[in-house]
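Before you use this structure in further calculations, please read the following points alongside the coordinates.

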Amino acid sequence: MANKQEDPAVTNFREYLRIPSVHPDVDYDACVSFLKKQSESLGLSYKIYYAVPKKPIFVMTWEGKEPKLPTILLNSHMDVVPVFPEKWIHPPFAAEKDENGNIYARGAQDMKCVGIQYLEAIRRLKKNGIQLLRTVHLSFNPDEEIGGRDGLAKFVHMQEFRDLNVGFALDEGMASTGDHFILFPGERSIWQIHVHCPGQPGHGSLLPSNTAGEKLRVVIDKFMDFRQREKSRLESNSNLKIGDVTTINLTVVKGGVQTNVIPAEMVACFDVRLACDVDHDKFENMIKSWCAEAGSDVRIEFEQKNPKIEVTKTDDSSPWWVAFKRECDAIAIELKINIFPGGTDSSFLREVGIPAFGFSPMNNTPVLLHDNDEFLNESIFLRGIEIYCKLIPGVANVAA
């Protein structure tokens, strides 16, 4: 229970965290009920869209003075990743707060904090009688934690989304362990690759040629040699961050029916994140040459193959960057610009030409997204609301 001195925004945050919108088989009804209550308390209109059944996309709208101008989208997601409760020092959906003000819950950093910070910043702005030039939409999406394919990925191609007339978006980033804050103007492209290695089957006591295992060895060596080159490049250059290099990880190996039977096929699955400067055609041709070297019948299958997406500009050619940076400078926020190491919904926005920044106002905080004992300190959370009280008007008042 919240004590009498707790800031109402923190109480709101903890209530949202207690909704177990956790994979698999998320039930979004409680989130929708909570968000309806929030929109009513703020005096904001809302609409609920469905790209697929049972996966709502909840959009609140704060109309600006010039509603025909391209709008601002404040994007977040409702879903959270699974937990291992026995590994937590507090129940993961209790939103307990310790004596230091740390609030423990799945979603505390990723990213229910940001969704509530948007709402609470708008609450403060409206209370102060502020009206913005551009209309602001707040979107709460499903399924981001499993790729967003039934959420924003589909929604951005629907007429209902086009009618929102989005010109610029903010979405999630991640915590910084130092005093600075991190801004993410882009993401690497995710390729999830299955390499199929067929071969001569037989008895495990023999030495037939052209086996699946021999081909698999060549394939794994090629992928892992490339991985080591990128790892060495990262470790030898302190100016590089993980998002600046291409990462490859062997994640699944499949094949075989019995220990003494040589299989007719083996499959190696790799999770690849292509750096933003990689030529996709050249990289795919390189993979195909590795497969050809392993065997003429070795083939690749893509589980996921993201296109090359332009990084949002962070220079004077972008009025969104100019406004964002100006507001950060005004409140003495130090920004460091990185490429996001994982994947977020903002990639779908950039893919349809909408500039987007990933930004979560959390500094001096351990990075605990998807980890046990995920927490956010209430003072960091409240400071984030103050930051959005500057950033939201900054970008929403960009002139036509």
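The numbered points below concern a predicted model and take up annotated residues, a helix pair and some individual positions.

1. The annotated residues. The UniProt record, an unreviewed entry, carries the annotation "binding site" for His77, Asp110 and Glu172. These residues are spread over 96 residues of sequence, yet they cluster in space, with a largest C-alpha distance of 8.9 Å. Of the annotated residues, Asp110 and Glu172 are included in the lining of the largest cavity.

2. The surroundings of His77. This residue belongs to strand β3, which spans residues 71-77, and its relative accessible area of 1% falls under the 20% limit for a buried residue, so His77 is classed as buried. When neighbours within four places in sequence are left aside, the contacts of His77 include the annotated residues Asp110 and Glu172, and the list also holds Tyr16, Met111, Asn141, Glu144, Glu145 and Asp345.

3. The pair α1 and α10. Helix α1 (residues 8-17) and helix α10 (residues 378-396) have axes that come within 10 Å and cross at roughly 110°. Angles of 65 to 115 degrees count as roughly perpendicular, and the two helices α1 and α10 are therefore described as roughly perpendicular to each other. On the α1 side the contact involves Ala9, Val10 and Phe13, which meet Glu378, Phe381, Leu382 and Ile385 of α10. By residue class, this contact of α1 with α10 comprises six nonpolar residues, one charged residue and no polar residue.

4. Phe34 in helix α2. Phe34 is found in helix α2, residues 29-42, and is buried, with a relative accessible area of 4%. Not counting residues up to four places away in sequence, Phe34 touches Asn12, Glu15, Tyr16, Ile19 and Ile116; among these, Tyr16 also appears in the list of contacts of His77. A longer separation in sequence is that of Phe34 and Ser346, which are 312 residues apart along the chain and have C-alpha atoms separated by 24 Å.

5. Glu99 in a loop. Is Glu99 buried or exposed? Glu99, placed in the loop between β4 (96-97) and β5 (102-104), has a relative accessible area of 73%, which is over the 50% limit, so Glu99 counts as exposed. The C-alpha atoms of Glu99 and Ser318 are separated by 44 Å, and these residues lie 219 residues apart along the chain.

Note on methods:
Residues are numbered from 1 along each chain as its sequence is written. This is a predicted model: local features need pLDDT of at least 70, side-chain atom pairs count only at pLDDT 80 or more; totals for chains, interfaces and linings use all residues. Side-chain values use heavy atoms; hydrogens and water are left out. Axes are lines fitted to C-alpha atoms, for helices over the stretch in contact, and angles run from 0 to 180 degrees between N-to-C directions. Helices (H or I, at least four residues) and strands (E, at least two) are DSSP runs, numbered from the N terminus. Angles under 35 degrees count as roughly parallel, over 145 as roughly antiparallel, 65 to 115 as roughly perpendicular and the rest as oblique. Contact means heavy atoms within 4.5 Å. Ala, Val, Leu, Ile, Met, Phe, Trp, Tyr, Cys and Pro count as nonpolar, Asp, Glu, Lys and Arg as charged, and the others, Gly among them, as polar. UniProt positions are given in the numbering used here, feature names are shortened, and annotations may be inferred rather than shown by experiment. On a 1 Å grid over the protein atoms alone, a cavity is a set of points where a 1.4 Å probe fits but cannot get out, and a pocket is an open set with protein on both sides within 12 Å along at least five of seven lines; lining residues have an atom within 4 Å of a point. Buried means under 20% relative accessible area, exposed over 50%, partly exposed in between (1.4 Å probe, protein chains only).
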